[in-house]
Amino acid sequence: MTASGAAGSGVPHLDVDPFDMTFLADPYPAHELLREAGPVVYLDKWNVYGVTRYAEVHAVLNDPATFCSSRGVGLSDFKKETPWRPPSLILEADPPAHTRTRAVLSKVLSPTVMKQVRDRFAAAAEERVDALLEQRSFDAITDLAEAYPLSIFPDALGLKPEGREHLIPYASVVFNAFGPPNELRQQAIERSAPHQAYVAEQCQRENLAPGGFGACIHAQVDEGAITASEAPLLVRSLLSAGLDTTVNGIGAAVYCLARFPDQWQRLREDLTLARGAFEEAVRFESPVQTFFRTTTREVELSGAKIGEGEKVLMFLAAANRDPRRWDEPGRYDITRRTSGHVGFGSGIHMCVGQLVARLEGEVMLTALARRIAKIEITGEPKRRFNNTLRGLDSLPVTITPA
Amino acid sequence: MPAIMFIHADGRPDRVETSGGESAMQAATRHGIDGILAECGGNAMCATCHVYVDESWLTRLPEMADDEDALLDGTAAERRPSSRLSCQIKITPELDGLVLRLPERQV
């Protein structure tokens, strides 16, 4: 990895591939190199601009008119290439179209709705901890980070019991597909047909149980907020982005708390810190590492001139550890004021399911900390590689009851 | 620059100097007012920067938008007629001396 100044433009060109296995295995040294190279960099490997500092990432996220989403939030430019699936009506859309669909999902996943599902989510977390206490030694990814969201989210959506094993693989395809045409992406798409078929089927109104998030989306058709053909695609957004993200979020929190026993003790002494402990894990590990935008016009960003139709890669994870914004960014501190971190994004596209994620994280960490004295890592953690998501494939642990 | 007053749930006052164009929420988080959580960072999505506006100031604030109104239905502490989200209150010179009371809880 080298940094060299490109003649004339003032934007440093870097020979860094943020989607290769070495980078994905340990992104932090490269994040630092990119952050220190300049406010805007150019990555020759994929011919894209990159922003890694907090200020620029935040600025790009909050200027959707200039840095648009409708040309895709991955490397592929929808103006030049056919998307691998019909574009999302919310993630891959701009105002005014986005404003309407966003309002529907905001309503379905609002703070008011969270109050209604809270007790159910908390009870399921307690049940999960009951099972873990029986096991004592288990895989914190499969048996906890995956098992818990799988025990509540598909039901909350109103999905049928059959076929749920497609959910995590489908999400994995979606997030791999934002990356460049590397092996991760190609393989994911090649194997996606059965997962896509399952998801398309599940998004239909007749397959969603009454009262669930999915049915609530379809009910918006009757209100005239969306059309009958739009509703299934909005349900698809929850299937794409509502499960694997929380799996990685909860996995990140457990991995942090297992690695930093002082923070675990702190949480055990004050359970009201559970929500903050989850939020700080989202900052610290940034389960969603990157997203792209595409410029709609020539723009100057922190002195760098970027032409129209250029892809800009935002390193959310690097911004969340930018020392210009955070004190001791490499420290996991559950009492940190995390407000403003970009782990859920920022601006009009900020994660619409953030309240669900926080609720799951909070009730799960509360249940764990109340009843478990110690979490010890007993084997080598294994990473799960994805072009966009950062998380583990396996985390062997042994717990000691409180 | 205008200054605003936060009154904590226990009655303790905290005077905060604002800087140009920021919201009451931003002023609060910059000064470490712990009664404001602002989990979403000011994007009007989470309802964790809830405040009760002092009666005398209520009519002097700009009207709330529909999304703020909807979010206020989901606040952790009781919603009252004086409830607002502090991320949606932009501090202008006319709001110098604004008094905002903090609820008992934000989540």
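# Exercises on a predicted two-chain model

The second largest pocket has a volume of about 870 Å³. The structure is a predicted model, and the exercises below treat its pocket, its cavities, its chain contact, one helix pair and two backbone features.

**Exercise 1. Describe the lining of the second largest pocket by position, by element and by residue class.**

Step 1. The pocket is lined by 34 residues. Those nearest its centre are A:Thr272, A:Leu273, B:Asp34, B:Leu37 and B:Val107.

Step 2. Two elements of chain A, α14 (274-285) and α16 (354-371), each give two or more residues to this lining. The element that gives the most is α14(A), with 4 residues.

Step 3. Sorted by class, the lining of the second largest pocket holds 13 charged, 11 nonpolar and 10 polar residues.

**Exercise 2. Characterise the largest cavity, then the second largest.**

Step 1. Cavities of 30 Å³ or more number 4 in this structure. The largest of them has a volume of about 740 Å³.

Step 2. The largest cavity is lined by 42 residues, and A:Ala241, A:Thr245, A:Cys351, A:Val352 and A:Gly353 are the closest to its centre.

Step 3. Several elements of chain A give two or more residues to that lining, among them α4 (97-108), α7 (167-177), α12 and β7 (290-295). The largest share, 5 residues, is supplied by α11(A).

Step 4. By class, the lining of the largest cavity comprises 25 nonpolar, 13 polar and 4 charged residues.

Step 5. The second largest cavity has a volume of about 130 Å³. Its lining consists of 17 residues, with A:Leu24, A:Gln289, A:Asn386, A:Asn387 and A:Leu389 nearest the centre. Here α1 (21-25) and β12 (382-384) of chain A are the elements that give two or more residues.

Step 6. The class count for the second largest cavity is 8 nonpolar, 6 polar and 3 charged residues.

**Exercise 3. Quantify the contact between chain A and chain B.**

Step 1. On the side of chain A, 16 residues take part, in contact with 21 residues of chain B.

Step 2. The area buried between the two chains is about 1300 Å². Carbon and sulfur atoms give 48% of that area.

Step 3. Of the area that chain A buries against chain B, 38% comes from A:Pro111, A:Arg337 and A:Ser339, which is more than any other three residues supply.

**Exercise 4. Determine how α12(A) is oriented relative to α13(A), and list the residues that form their contact.**

Step 1. Helix α12 (residues 244-259) and helix α13 (residues 261-269), both of chain A, pack with their axes 5 Å apart and at an angle of about 105°.

Step 2. Angles of 65 to 115 degrees count as roughly perpendicular. Therefore α12(A) is roughly perpendicular to α13(A).

Step 3. From α12(A), the contact is made by A:Leu257, A:Ala258 and A:Arg259; from α13(A), by A:Pro261, A:Gln263, A:Trp264 and A:Leu267.

Step 4. By class, these contact residues comprise 5 nonpolar, 1 polar and 1 charged.

**Exercise 5. Locate the cis peptide bond at A:Pro96 and the positive phi of A:Asn47.**

Step 1. The cis peptide bond joins A:Pro95 and A:Pro96, with omega of about 5°. A:Pro96 is placed in the loop between β5 (67-68) and α4 of chain A.

Step 2. A:Asn47, a residue other than glycine, has a positive phi near 55°. The loop that holds A:Asn47 runs between β3 (41-43) and β4 (48-51) of chain A.

How values were computed
Residues numbered from 1 in each chain as written. Chains lettered and ligands numbered in written order. Predicted model: local features only at pLDDT ≥ 70, side-chain atom pairs only at ≥ 80, totals over all residues. Heavy atoms only, no water. Axes fitted to C-alpha atoms, helices over the stretch in contact; angles between N-to-C directions. Parallel < 35°, antiparallel > 145°, perpendicular 65-115°, else oblique. Contact = heavy atoms within 4.5 Å. Nonpolar A, V, L, I, M, F, W, Y, C, P; charged D, E, K, R; others polar. 1 Å grid on protein atoms, 1.4 Å probe; cavity = no way out; pocket = protein on both sides within 12 Å on 5 of 7 lines; lining within 4 Å. Points joined across faces, edges and corners; volume = space filled by probe spheres on them. Buried area = accessible area lost by both parts, 1.4 Å probe.
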